[in-house]
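Please open the model in your viewer and keep the sequence panel visible. The tour below proceeds by selection, and each stop states what is to be found there.

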Amino acid sequence: MDLFSRSWTALRAAVAELSDEDFAQPSGCSGWLVRDLVCHLIIDAQDVLITLATPAETEPTRNAVTHWDVTETPPTGDDPLDALIVRLAAAYEQPRLLELHFDDVSSAAGRAAVLCDPSLRVSTRDQVLTAGDYLCAYVLEWTLHHLDLIAYLPDAAAPPAEGLARSREMLEQISGAAFPASFSDKDSLLIGTGRRAPTDAEKAVLGELAEELPLILG
């Protein structure tokens, strides 16, 4: 729960520090500008609020790791929902309006996470998880999107080190294999999820694992 809050707080701070010009820069998400990613984060924050307010009566069916589905198709930005995000982001017209909406919804999501009982069973996407596992899964979401946010903003603050480490651990559990010890947590996440192609030298170190990558999480 604490790691969720730290990761979310760091991502919110990174958004708050964006200049108007930064919103028009590309992000690490294919086909999305920074403004599109921030609009997506509003949807994510709404999902947190909705899920924490949707209790389940049955036993958990997933945990923080199995919450994620692995697909074979990388996002292109052409998916109808992805395209809708672009139109929604453009509708704000002024970056500060988008930032204000994000701040309102994201702060509410952060408070809801702090106040909830981690043992509460919640329902989302036809899954049942404990609230603690659900929020832990979002540490990976926040960390990856923090990296997406700053992909072309070299002076922006990076995600918390503990969030990077925990996200790498979860990605390794999802893949069923460990990334080489010589890989930083950041590079493990970027290469592991297809956000950066490995160099020839990195492929050699990855060995057979290189054939299993990237892991496209959905």
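Helices and strands here are DSSP runs, numbered from the N terminus, a helix having at least four residues and a strand at least two. The model is a predicted one.

**The whole chain**

Begin with the full protein in cartoon representation. It contains eight helices and four strands. Read from the N terminus, the order of elements is α-α-β-α-α-β-β-α-α-α-α-β. Along the principal axes, the C-alpha atoms occupy a box of roughly 45 × 45 × 30 Å. For 218 residues, a compact globule would be expected to have a radius of gyration near 17 Å, and the value for the protein, 17 Å, agrees with this. Colouring by accessibility will show that 45% of the 218 residues are buried. Among contacts with a separation of 6 or more, 70% are between residues 24 or more positions apart.

**The nonpolar core**

Next, select Phe4, Val38, Val48 and Leu149. These are the residues with the most contacts inside the largest nonpolar core, which has 61 residues. At least two core residues come from each of helix 1 (2–16), helix 2 (34–52), helix 3 (80–91), helix 4 (95–115), helix 5, helix 6 (161–175) and helix 7. Which helix gives the most to this core? Helix 5 does, with 12 residues.

Keep Phe4 selected and display its surroundings. Apart from neighbours within four places in sequence, Phe4 contacts Val48, Ala113, Leu135, Tyr138, Val139 and Trp142.

**Helix 5 against helix 7**

Now select residues 131–149 and 185–192, that is, helix 5 and helix 7. Their axes come within 11 Å and cross at roughly 90°, so helix 5 is roughly perpendicular to helix 7. On the side of helix 5, the contact is made by Leu140, Thr143, Leu144 and Leu147; on the side of helix 7, by Lys186, Leu189 and Leu190. By class, the residues of this contact comprise five nonpolar, one polar and one charged.

Remain with helix 7 and show its side chains. Ser188, Leu189, Leu190, Ile191 and Gly192 are buried in this helix. The partners against which the buried residues of helix 7 pack are helix 5, helix 6 and helix 8 (200–206). After helix 7 comes Gly194, with a positive phi near 80°.

**Two positions in helix 4**

Select Val105, which belongs to helix 4. Is Val105 buried or exposed? With a relative accessibility of 11%, Val105 counts as buried. Residues up to four places away in sequence aside, Val105 touches Ile42, Ala45, Gln46 and Leu49. To check one of these pairs with a distance label, join the C-alpha atoms of Val105 and Leu49: they are 8.7 Å apart, although 56 residues separate the two along the chain.

Move on to Ser107, also a residue of helix 4. Ser107 is buried, its relative accessible area being 17%. Beyond its neighbours within four places in sequence, Ser107 contacts Arg12 and Phe102. A second distance label can be placed between the C-alpha atoms of Ser107 and Thr9, which are separated by 8.8 Å and lie 98 residues apart along the chain.

**Backbone details in the loops**

The last stops concern backbone torsions. Most residues other than glycine have a negative phi, and most peptide bonds are trans.

Select Glu93 in the loop between helix 3 and helix 4. Glu93 is not a glycine, yet its phi is positive, at about 65°. The relative accessible area of Glu93 is 72%, and the residue is exposed.

Then select Asp126, in the loop between strand 2 (121–124) and strand 3 (127–130). What is the phi of Asp126? It is near 60°, a positive value in a residue other than glycine. Asp126 is exposed, with a relative accessible area of 84%.

Finish at Pro214, in the loop between helix 8 and strand 4 (216–217). The peptide bond that joins Leu213 and Pro214 is cis, with omega about 5°.

Technical notes
Residues are numbered from 1 along each chain as its sequence is written. Side-chain values use heavy atoms; hydrogens and water are left out. Axes are lines fitted to C-alpha atoms, for helices over the stretch in contact, and angles run from 0 to 180 degrees between N-to-C directions. Angles under 35 degrees count as roughly parallel, over 145 as roughly antiparallel, 65 to 115 as roughly perpendicular and the rest as oblique. Contact means heavy atoms within 4.5 Å. Ala, Val, Leu, Ile, Met, Phe, Trp, Tyr, Cys and Pro count as nonpolar, Asp, Glu, Lys and Arg as charged, and the others, Gly among them, as polar. A nonpolar core is a set of buried Ala, Val, Leu, Ile, Met, Phe, Trp, Tyr and Cys residues joined through side-chain atoms within 4.5 Å. Buried means under 20% relative accessible area, exposed over 50%, partly exposed in between (1.4 Å probe, protein chains only). The radius of gyration is taken over C-alpha atoms; the globule rule is 2.2 Å times the number of residues to the power 0.38.
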